[in-house]
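This report describes a structure for a reader who has not met it before. The sequence and the model are shown first.

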Amino acid sequence: MAYLHAREMLPRITSDWIAFIVAIVLIHIVVVYEVVVILPYIDEERTRTFWLHVAFGLFLYVSVITSFVRTIATNSTTRHMMLPSVLKPGWRFCSVCEANAPPRSKHCWMCDVCVLKRDHHCIFTGNCIGYNNQRYFINFLLYLAVGAFYCNFLNVDYTIETLGNINLLTLFTILLPMLSWVFGVAPAYTFAVAFISMVCLLGFLLVTGYLIYQLRNIYCGQTMWETASGTKDYNFGWRENMMEVFGQSYILAFFSPFVKSPLLGDGLEFKKKYNENVKDL
Ligand SMILES: [Zn+2]
Ligand SMILES: [Zn+2]
């Protein structure tokens, strides 16, 4: 599996750059907040519990960053690939790339290239999610969801203590921290605590929701586009569908971006369930 050059990993358009930077900055603001504010609040004495939280937090942080880097560094595009000059059955000609493109691939206007088994373009990673990098993207969502849940669990007491008892005003401050700061309802520090709590809460809900949606598609052997169009040509049962995305060691690879788990194919050829329904996706 090929890796991209450093300049090819990074976003190519302004809106992607903004989302990419916002994601990285928010992740690091939350990490620093947990280490500097929350953990000392939970355990002033620095007992073994404190260091267990530090070790688990470090594991989550390293897993999130590694999954993120592997998602953007793994080449899921037709870039640097030798593609056949003859149009094979199920393939199509991409007039932008001026090359033949395999089944299940789609051209991405933001990445400016055809993407193998394209699922979707992710603005936060600034790259398309496709055949080779979807497993790392799932690892990224998984550890982000667990990390956000863990932060909410750690934050709850401190957030309630800082904002006061739960009432309409504190709910307003948590849900709309920016407005409550602007209107003078909350002082700057309360605003900061409410803002970070909201990032963790919304982050958990959004990431978990999207992770469930991705896993549902993988379970059914579909990309996002195939789900939308009702295409079920590549559904060979959950075990084979999982192997298609996560490789031979699919259970371990689901839980870790560090596991070596070669994919079964090359992203160019796919067997179809219904041969009578041959069509170019
Ligand atoms: Zn193309
Ligand atoms: Zn793309």
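UniProt, in an unreviewed entry, places the feature "transmembrane region" at residues 17-39, 51-73, 136-154, 166-183 and 189-213. UniProt positions follow the numbering used here, feature names are shortened, and annotations may be inferred rather than shown by experiment. This is a predicted model, in which local features need pLDDT of at least 70, side-chain atom pairs count only at pLDDT 80 or more, and totals for chains, interfaces and linings use all residues. Residues are numbered from 1 along each chain as its sequence is written, chains are lettered from A and ligands numbered from 1 in the order in which they are written, and side-chain values use heavy atoms, leaving out hydrogens and water.

Two of these spans are compared below, with helices (H or I, at least four residues) and strands (E, at least two) taken as DSSP runs numbered from the N terminus.

| Span | Distance between end C-alpha atoms | Helix | Strand |
|---|---|---|---|
| Residues 51-73 | 32 Å | 100% | 0% |
| Residues 136-154 | 26 Å | 100% | 0% |

Helix H7 (residues 188-219) has 32 residues and covers 46 Å from first to last C-alpha, close to the expected 46 Å, which is 1.5 Å times one less than its number of residues. Just after H7, glycine 221 has a positive phi of about 70 degrees.

The zinc ion (ligand 2) has as protein donors Cys108 (SG), Cys111 (SG), His121 (ND1) and Cys128 (SG), at 2.1 to 2.3 Å. Donors are N, O and S atoms within 2.8 Å of the metal (3.2 Å for Na, K and Ca); water is not among the atoms, so sites may look incomplete. The donor residues are spaced C-x2-C-x9-H-x6-C in sequence. Cysteine 111, in the loop between strand S3 (106-108) and strand S4 (113-115), and cysteine 128, in strand S6 (residues 127-129), are 17 residues apart and link distant parts of the chain. Both cysteine 111 and cysteine 128 are buried (under 20% relative accessible area, with exposed over 50% and partly exposed in between, for a 1.4 Å probe and protein chains only).
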